[in-house]
Amino acid sequence: MAHSSHPHQPPRLKGEALHAGYDNRRVLDGVDIAIEEGKLTVLLGPNGSGKSTLLKTLARTLTPTGGNVYLDGKDIHRSKTREVAKRLGILPQGPVAPEGLSVKQLVGMGRFPHQGLWQKNAQQDADAIREAMAFTHVTEFADRYVDALSGGQRQRCWIAMVLAQQTDLILLDEPTTFLDLKVQVDLLELLSRLAHEKGRTLLLVLHDLNLAAAYADQLVMMCDGRIVTSGGPSEVFTTTNLNRVFDLDAHVIQDPESGSPICVPRKRRQAASEPGVVV
Amino acid sequence: MRADATLTLNSVINSDSHRLLRRLLILSFLLLASAGLSLCLGSFPTPPLQVLNTLAAPQSSDIAFIIWELRLPRIALAILVGAALAIAGAILQSIVRNPLASPDVIGITSGAALAAVVFLSLLSSTLSIHWLPVAAMLGALVSALLVVSLAWKSGISPSRMVLVGIGLAAAMGAGTTLLIVISDDSAAMTAYVWLTGSLYAAQWNDVWGLLPWLVVAVPISLLFARHADAMALGDSVAEGLGVAILRSRLVLLACSVALAGAAVAFAGGLSFVGLIAPHLAAKLVGRNLARLVPASALVGALIVLYADLLGRVAFLPKDLPAGIFVAGIGAPFFVYLLHKSRARF
């Protein structure tokens, strides 16, 4: 089903000179990106930096005003959307399930691109659905309504839907936003297992800097619609880059246990000369 | 443990489709029995055995005329109209992603009504009444096209479509009222009965006029039902799953407009069925459109059949428009159901 990852497999998803935006607002301003195979790549950047726009453009749900996205060498915006859906799955930000939809039904929707009018492999569908539900630990909720679950459980169901699609490439837009820290960590563990054990290629937009640094194989830092820098967390997650990209005054230390970098914002000291303060 | 989970999952899926089949069969049986009941009742109540005899061996008697030329076409039309409106509503509710959507919302009913009233008050002296369904159908199509094109902005946004539809319906409603007020009494009366929705004097021609629309639109909407289910998850999720959003939405919309337009053309303003039948059906089979289409069709057919039966026999010798009972009994029942299951809405 999924390819096992080879160290230097050429990237299957690439964006070249991408310009994109909404109505009259330009958001992406000439982005070149290639997503590494079998890795978990995280897009980081302040609000409005264009990370979600880049993800949507790469997932073909937003058409760029300039530049091209290539999936396996073919222009993704000129490919049949159904053919793309067999190879690339996308989970947009904050999806809402309609009332009265069971978990099993939602996960089953992931089979859409594989079911034609006259072709339908019930066994393959059932296997994919069962596997996806088992991997995300939602099997026990199979018959419950999605809208009756907690935020974290619900997000696991949506991820199960994307997994049932059985694509090698999986793009997720802020999959952990509004969830408790523990739930965020569980989800990221699950997603990194997808990349490292199942050889899937993952691209995520995340908000939390330290979680991104802890779980990403590749970090892509964006600001003002451009990619400022990208690379492994230990290379690019630095005081200088955080300052450049986020305008954040922080120092970066190393987690003694895992070795991944952690940023600690510097508390602003009150100026000594401030009137009324006696030192 | 894994095999265990598979086993329960499979048995759930199987029992689920058995339950669906059983419910559809019960509804079909109910519909058949109700049609039989309706055939027996009227200003000349006919014993069931005599009805069966007449159906089996048509002869030229008064009873045969009543059964074959008065009651049967009217019952058939009631079933088709109810089914068409209910399916149209089910499709719309799913593509607009709004439980309040009905054929009224995208201007179908108000367009048909305006065209019908224009016909009745201005053209009926020059054209035969047989052209009324054609006029109404044209009105429905034109207003649906108008709503879609006004709401068009590099694609169709469901919420914009609903807002434009409500605005346009209000404007056309004003036009309809104006025409009724200024036209003479008999034309105004006919227009009023038409607006309420009636199956009075239904003929086989009406049945044959409506049937083709169902024969074409129902299979197409079933083919695209999966697309609608995916779109219910939101446009961006559906697109990610490989749905060609714009094409699927236009196809389904066209099916809904054709069904509702044709039904309204032959029976007038009964479109309330399009709002309530899908909700009632969803309680039995869920929101999955491929299941909802047959279930809504049966529920809608039952509603219109009984509304018309009541109109025919409850106030003899008066024959009242079915629309009165669809709204007068259907609406309170609908509100009661919503109240009973408040948590789910």
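Domain bounds are those given by an automatic or database domain assignment, and on this basis chain A of the predicted model is divided into domain 1, which comprises residues 9-87 together with 169-268, and domain 2, which comprises residues 97-166. The C-alpha centres of domain 1 of chain A and domain 2 of chain A are separated by 25 Å.

Where the two parts of chain A meet, 11 residues of domain 1 are in contact with nine residues of domain 2. On the domain 1 side of this contact, the elements that contribute two or more residues are helix H2 (81-85) and helix H6 (181-198) of chain A, and the largest share, three residues, is supplied by H6(A). In character, the residues on the side of domain 1 of chain A that touches domain 2 comprise eight nonpolar and three charged residues, with no polar ones.

A further feature of chain A is the hairpin formed by strands E11 and E12. Strand E11 of chain A spans residues 250-254, and because the number of buried residues among its five is zero, this strand lies largely in the open. E11(A) runs antiparallel to strand E12 (residues 261-265) of chain A, to which it is joined by five bridges; within this pairing, Gln254(A) has Pro261(A) of E12(A) as its bridge partner. Six residues lie between the two strands of the hairpin, in which Gly259(A) adopts a positive phi near 85°.

Definitions and conventions
Residues numbered from 1 in each chain as written. Chains lettered and ligands numbered in written order. Predicted model: local features only at pLDDT ≥ 70, side-chain atom pairs only at ≥ 80, totals over all residues. Contact = placed C-beta atoms within 7 Å. Helix = DSSP H or I, 4+ residues; strand = E, 2+ residues; numbered from the N terminus. Nonpolar A, V, L, I, M, F, W, Y, C, P; charged D, E, K, R; others polar. Buried ≥ 20, exposed ≤ 12 C-beta atoms within 10 Å, placed from the backbone. Pairing = 2+ DSSP bridges.
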